[in-house]
Amino acid sequence: MTIAVYGAGYVGLVSAVCFAHLGKRVVCVDVDEARVAALSQGQSPIHEDGLISLLSAQLASGRLSFTTDAIRACSESNIHVIATGTPSLDNGAADLSQVYAVVNILIEHSKAPGIIVLKSTVPIGSADEIASFVNQGLEARQKTHHLSVVSNPEFLREGSAVSDFLTASRIIVGGKPEAVSLLKAVYQPLIDQGSLFLSMSRVSAELSKYASNAMLACKISFINQISQLAQKTKANIDDIREAMSLDERIGPHFLSAGIGYGGSCFPKDVRALVQSSKSLGVDPSLLAAIDAVNEVQKTWGIVEMNRHFNHDLSGLKIGVWGVAFKPGTDDVREASSLSSIKAFLEAGAEIVVYDPIVDCQTLFAKTKGVSVAASSKDVLTAGIDALFIATEWPEFVNFPLSLLIDVSTFDGRNCFDLRAVAEAKLAHYYSVGRPKVVKGVIHEA
Ligand code: UDX
């Protein structure tokens, strides 16, 4: 059994390395020659906990290899895992061109029966469409072997993708029973360790993935909307969250208010689900509201700064802590930090930015008005008028409050306990959905 994984991005690479770790022979294909060369040397293009050591071990075992030669990989394999990107088109729908590029290679060059495993997040109904497309393509070329399509969505979080893969709460596979069984055998070591295996129809598997991400995004937008009410009424979102989460039907997870969700999944998947709903004639109001609330939430920093500085940020220097869309990753896709930095610059402010792992020098090389500091402390000593916290990196959460006494702090991730802020007598401290603290006094209702 040889597995070909198409796409050495975040999902494909983690899956390839983990399948090899489970004892399978894996060839991982990518069109990017430099990426394939680096990976073959054990260098990862993404920052992911535990990935480098697993990558080196699997390369050394001889089970894992990387190539740009999709045709060779395809002709040598019987399990074809598609993990190419499905970026958003301008209208929010997912662009499937990379997926179909692989499918066309499989139709043209596969030599033996096998399965096509769709790991890329594709719109509802795509797997069925791809299955018909593959059948027709093989038939038209008078090929006698069959390639059965299964949907196998991933639920990997960036930063903990390797452990999420290897200790998955559930493995979902949609497709025909024989094809599902073949893939189940690949996952058997994880099932033996307690991961639940669910088989269903292809379309249910696709929708399960979207529904899970939309539900999580919905929880975030929900608490953010409540935080807007809390902020207006001088209530405290921490108290509200605790009160809500003690109801076990609600639970405590994904109810942290902040400056909105980002990353490669939630924004894209929620928008794609809105598009699918529209095209299926289903009213997408609730799904559309998740995205709309998130867009509003991303303006928290500029709104609060404007209020504090009487709507005049021109000539001010704003320090920014954190650029990554969340801690534990160097990914800045759809990061709320970037919308805030853009808004501050448009308002005439200068920016001094620091992130523990994002390569800010490269990221902001062409952005006028942004300079990069070497540490969180260096931001504070750069003559800033205000500090904006965009990512809750541990080094910020554990930062001594005594060093923030004189700087007006706008905490977009509620990194600090409000009582601790008051005790430390910070001059001005604003956070999301919580009362402001001025010179050690909490201005609560
Ligand atoms: C998400 C899903 O969790 C994962 O199952 C799916 O496969 C891919 O998308 P990821 O994008 O890595 O994973 O990040 P996640 O940890 O879910 O956080 C997403 C965003 O939500 C971040 O910007 C984070 O800051 C924000 N968030 C999360 C909140 O604002 N509040 C919360 O309570 C939780």
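Biologist: Which polar backbone atoms lie 3.0 Å from an oxygen atom of the ligand?

Modeller: A polar contact is a pair of N or O atoms within 3.5 Å. Here, a polar backbone atom of Gly 262 is 3.0 Å from a ligand oxygen, and one of Phe 325 is also 3.0 Å from a ligand oxygen. For Phe 155, a backbone N or O atom lies 3.4 Å from an oxygen of the ligand. Taken alone, the ligand exposes 670 Å², and the protein buries 91% of that (Shrake-Rupley method, 1.4 Å probe).

Biologist: How far should I trust these values?

Modeller: This is a predicted model, where local features need pLDDT of at least 70 and side-chain atom pairs 80 or more, while totals for chains, interfaces and linings use all residues. Residues are numbered from 1 along each chain, and side-chain values use heavy atoms, without hydrogens or water.

Biologist: How many residues are around the ligand, and which come nearest?

Modeller: A residue counts as near if one of its heavy atoms lies within 4 Å. There are 18 around the ligand, and Leu 156, Glu 158, Ser 256, Phe 325 and Lys 326 come nearest. By class, the shell has 9 nonpolar, 3 polar and 6 charged residues.

Biologist: Which residues touch the most other members of the largest nonpolar core?

Modeller: Such a core joins buried residues (under 20% relative accessible area) of nonpolar kinds such as Leu and Phe through side-chain atoms within 4.5 Å. In the largest, of 60 residues, Phe 388 and Leu 404 touch the most other members. Apart from this core lies another of 44 residues, including Val 36 and Phe 197.

Definitions and conventions
Buried < 20%, exposed > 50% of the residue type's maximum accessible area, 1.4 Å probe, protein only. Polar contact = N/O pair within 3.5 Å; in protein donor to acceptor, adjacent residues only side chain to side chain. Nonpolar A, V, L, I, M, F, W, Y, C, P; charged D, E, K, R; others polar.
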